[in-house]
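This report describes a single protein chain, beginning with one residue and then turning to the chain as a whole. The structure is shown below.

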Amino acid sequence: MKQKLLLLICLVSIPVLSGFAQKILTQTLRGVVVDRETQIPLSGVNIILPNTSPQQGTISDENGTFRFDNVPVGRQTIQASYVGYKTQALDNITISSAKEKILKIELEESVTELDEVVIKATVQKDKPINKMATVSARSFTVEETSRYPGSYDDPARMAANYAGVMSVRDNRNDIIIRGNSSTGLLWRLDGIEIPNPNHFAASGTTGGPITILNNNLLSNSDFFTGAFPAEYGNALAGVFDMKMRTGNNEKREHWLEFGYNGLEFGTEGPFSKNSNASYLISYRYSMVDIIDLLGAEVETTKYQDLTVKLNFPMKKGRLSLVGLGGKSYIEMFDSNDDQSEWSFDDWGEDLSNGSDIGSLALSYVHFFGTKTRMQTAVSLYGSAVTTQIDTFYLDPELIGNWAGEKSSEVKASLTSHINTKLNNKNILNYGIKVDRYFVSFEDSTINNGVFQVDTDVRNEQFDMFQAYAQFKHKFTNYIDLYSGINFQYLDLNDTYSIEPRLGFNWTINSRNSFKMGYGLHSQAQLRVIYFTQTKLDDGSYVYTNKNLDLTKSHQFVIGYDHLFSDNLRLKFETYYQYLYDIPVKPSQPEYSVLNFGAEYFIERVDSLTNDGTGENYGIELTLERFFEDNFYFLLTTSLYESTYRGYDGKERNTAFNGNFAINVLGGYEIPLRKTNAFIIGLKTTYAGGRPYVPYDVEATIAQREEVLDWDHAYEHRQEDYFRVNLRLGIRRNKPKFNVEIAMDLQYRTNYTSVYEQRIDPLTGKIYHNYEMALYPMASYRIQF
């Protein structure tokens with residue numbers, strides 16, 4: 001075993017330990033320039049690389065494409081200017097020796113007349129890609145998901161650094177946005193809704209320990225934290241609108257990576273030399289399986305995933321096929337361990353869980369002239385979860401409890417969107433989405449010898465219909481107004497919602513801007529909740545949740561941005577959200593589904609009514625220095641309140657009301673002979689402890705099962721949380737390949753991060769399971 005590990009370390013270290021002396025390395029930089037609203041290619045655009053010596057320049061051709069063949073490896077700036085459009089500059093583009101850099105530059109048409117246009121380079125580093133977004137939105141780069149310490153190439157963990165965003169716990173990437181449940185997050189990939197893109201996911205959740213989304217395949221994407229545009233429906237908390245890049249259509253390239261997310265191999269390139277069609281494929285295998293192959297015995301925690309994108313350009317459009325799939329399985333059996341390692345002193349627990357997800361979408365984009373484009377897609381996604389928990393006791397007279405779940409959801413969708421630029425002042429978008437659900441839920445338990453069936457439905461089918469229209473008017477280059485409306489209908493119980501959206505943006509001058517936004521948002525209940533059963537006295541079951549209405553949220557946002565310079569930005573936002581039609585339980589008046597997501601498992605609670613409400617309000621401050629001169633930093637502060645009212649009308653903290661969160665992170669790249677770099681990053685997080693429902697110890701012992709003290713629901717809090725992350729890395733460029741090695745070191749002070757709290761129903765003893773205080777993670781990537 002030691003010899004095998006030593007051999008593996010030696011093989012991956014050879015490229016890094018070789019000498020740093022090398023000749024000047026260059027690479028190809030190419031791409032396409034398009035109109036930001038229509039995505040139509042623009043010809044005749046002037047493009048320069050201002051930091052090259054001598055300065056390089058070119059003009060986009062009739063297809064909007066451009067090319068630079070000998071760009072020095074390192075960081076470069078590219079600037080594009082065109083008559084009648086605002087000049088766009090992209091800074092700090094990383095040029096590596098083994099991979100061509102392919103860009104899409106989007107230019108925004110100016111509102112002023114052509115002879116009045118003043119060409120001036122503008123740099124809005126975090127401007128959202130979605131042109132309809134006005135507030136609580138930002139774009140992020142792929143590089144940021146790997147640059148930020150503690151992000152582990154995971155978009156969700158990266159987003160936890162932003163103002164208003166908190167993680168639920170360190171060993172998962174579920175995120176809380178402005179006090180809302182993590183179940184209110186919407187995931188989209190290339191414009192198509194996808195299921196929870198994480199391994200080891202529980203039914204109804206939106207996070208997990210390990211992401212399936214592959215950082216090596218993503219492009220710049222958008223993240224929304226409130227009052228988002230009308231095209232996003234069936235979500236209350238936020239939206240991840242992820243974009244996949246297109247494979248290189250001229251040259252075959254490959255990469256190999258292993259680390260926290262497993263062992264990965266990827267490849268991309270053209271199908272043939274005579275075609276612009278391309279493929280992009282990545283496969284990932286868990287590190288545990290690899291360690292097993294080396295002969296070591298480890299806990300059964302296995303996963304694998306595959307991501308594919310095929311792109312076929314056409315004369316007036318393009319056809320693409322995007323596929324994403326993952327399988328995961330974990331076993332934690334106390335019965336395989338010594339008694340001293342059991343979950344409890346006198347009894348143990350065997351748990352197994354498997355989760356599978358898959359998504360496949362065929363999408364076609366067609367351009368009608370130079371003003372209109374239509375995207376139509378058919379997609380199919382599915383997810384399945386199986387869980388079994390069995391208990392055993394030292395006392396043979398005690399009957400062990402048991403719980404099992406077998407759930408699956410399949411959704412077939414048709415979506416179609418039309419984007420039209422009426423003129424340089426007015427943009428109109430509208431679209432429809434039709435979803436057909438096929439669901440099966442089987443949940444049952446045995447507690448103290450009593451058998452209970454929570455759900456028992458197979459292949460139930462129902463539909464959801466969504467439609468939207470949105471319009472943006474630019475009064476001038478500095479003032480624009482957005483309006484939109486979203487319609488949503490669920491035929492399972494004939495519930496619907498009509499939701500207006502508004503946004504206003506005023507660019508006061510080159511350094512200051514003021515923004516406002518409003519949206520009414522709604523979300524259907526988790527599918528499993530509709531089919532949770534109530535057992536009647538005669539032994540029959542009824543669906544007491546099936547007629548639940550959509551949950552709704554009024555969201556108001558005011559924001560102000562100040563640019564101290566092109567690379568230093570201060571952002572302020574304040575918000576208020578009023579949530580209503582929240583499912584609560586009359587027989588347990590302290591209960592509310594707004595607290596879903598605080599635990600791993602989504603409870604199956606019956607007999608709910610839409611009589612609850614909730615409020616979230618707060619202030620967010622962001623001070624950000626974008627990467628420039630090898631240095632960046634980000635400071636975010638969130639002060640907030642998140643409360644709810646159950647059936648009894650009493651105001652209580654939600655499970656996510658930590659009241660405050662502060663993130664400070666930064667990093668520096670030390671250049672090594674121009675083409676290489678040593679990378680160092682540091683992050684600190686300080687956040688308020690989350691409220692929780694304490695145990696009723698006496699009732700737990702008496703009933704021999706967990707009983708919560710709902711009379712004091714969410715009055716107690718966990719300890720405040722403090723964590724430090726350190727990231728160290730080396731980036732090397734050689735003529736035929738480049739290598740990056742990184743080490744993330746996570747430290748939690750005083751072991752205060754409680755990720756699980758359990759009570760022994762035999763003794764009443766409460767066990768706290770803590771996160772590891774010191775947690776190192778390493779990764780290695782080679783591109784060739």
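Leaving aside its neighbours within four places in sequence, which residues is serine 592 in contact with? In this predicted model, serine 592 is in contact with Ile582, Pro583, Val584 and Tyr644. Serine 592 lies in strand S34, which covers residues 588-592. With a relative accessible area of 2%, serine 592 is buried, because buried means under 20%.

Leucine 639 belongs to strand S36, which covers residues 631-645. Its relative accessibility is 48%, so leucine 639 counts as partly exposed. The two residues are set side by side in the table.

| Residue | Strand | Relative accessible area | Class |
|---|---|---|---|
| Serine 592 | S34 (residues 588-592) | 2% | buried |
| Leucine 639 | S36 (residues 631-645) | 48% | partly exposed |

Leu639 is also one of the residues that form a nonpolar patch on the surface. The other members are Tyr478, Trp506, Ile508, Tyr560, Phe572, Ile619 and Leu621. Together, the residues of this patch have about 720 Å² of accessible area.

The chain as a whole contains six helices and 46 strands. Its radius of gyration is 27 Å, close to the 28 Å that the globule rule gives for 784 residues, so the chain is as compact as a globular protein of that length. The C-alpha trace spans about 85 × 65 × 45 Å along its principal axes. Of the 784 residues, 56% are buried. Among contacts with a separation of 6 or more, 65% are between residues 24 or more positions apart. The accessible surface of the chain comes to about 32900 Å², and carbon and sulfur atoms account for 57% of that surface.

Note on methods. Residues numbered from 1 in each chain as written. Predicted model: local features only at pLDDT ≥ 70, side-chain atom pairs only at ≥ 80, totals over all residues. Heavy atoms only, no water. Patch = residues over 30% accessible without salt bridge, like charges linked within 9 Å, V, L, I, M, F, W, Y side chains within 5 Å. Areas by Shrake-Rupley, 256 points an atom, 1.4 Å probe, with all protein chains shown as cover. Salt bridge = Lys/Arg side-chain N within 4 Å of Asp/Glu carboxyl O. Helix = DSSP H or I, 4+ residues; strand = E, 2+ residues; numbered from the N terminus. Buried < 20%, exposed > 50% of the residue type's maximum accessible area, 1.4 Å probe, protein only. Rg over C-alpha atoms; globule rule 2.2 N^0.38 Å. Contact = heavy atoms within 4.5 Å.
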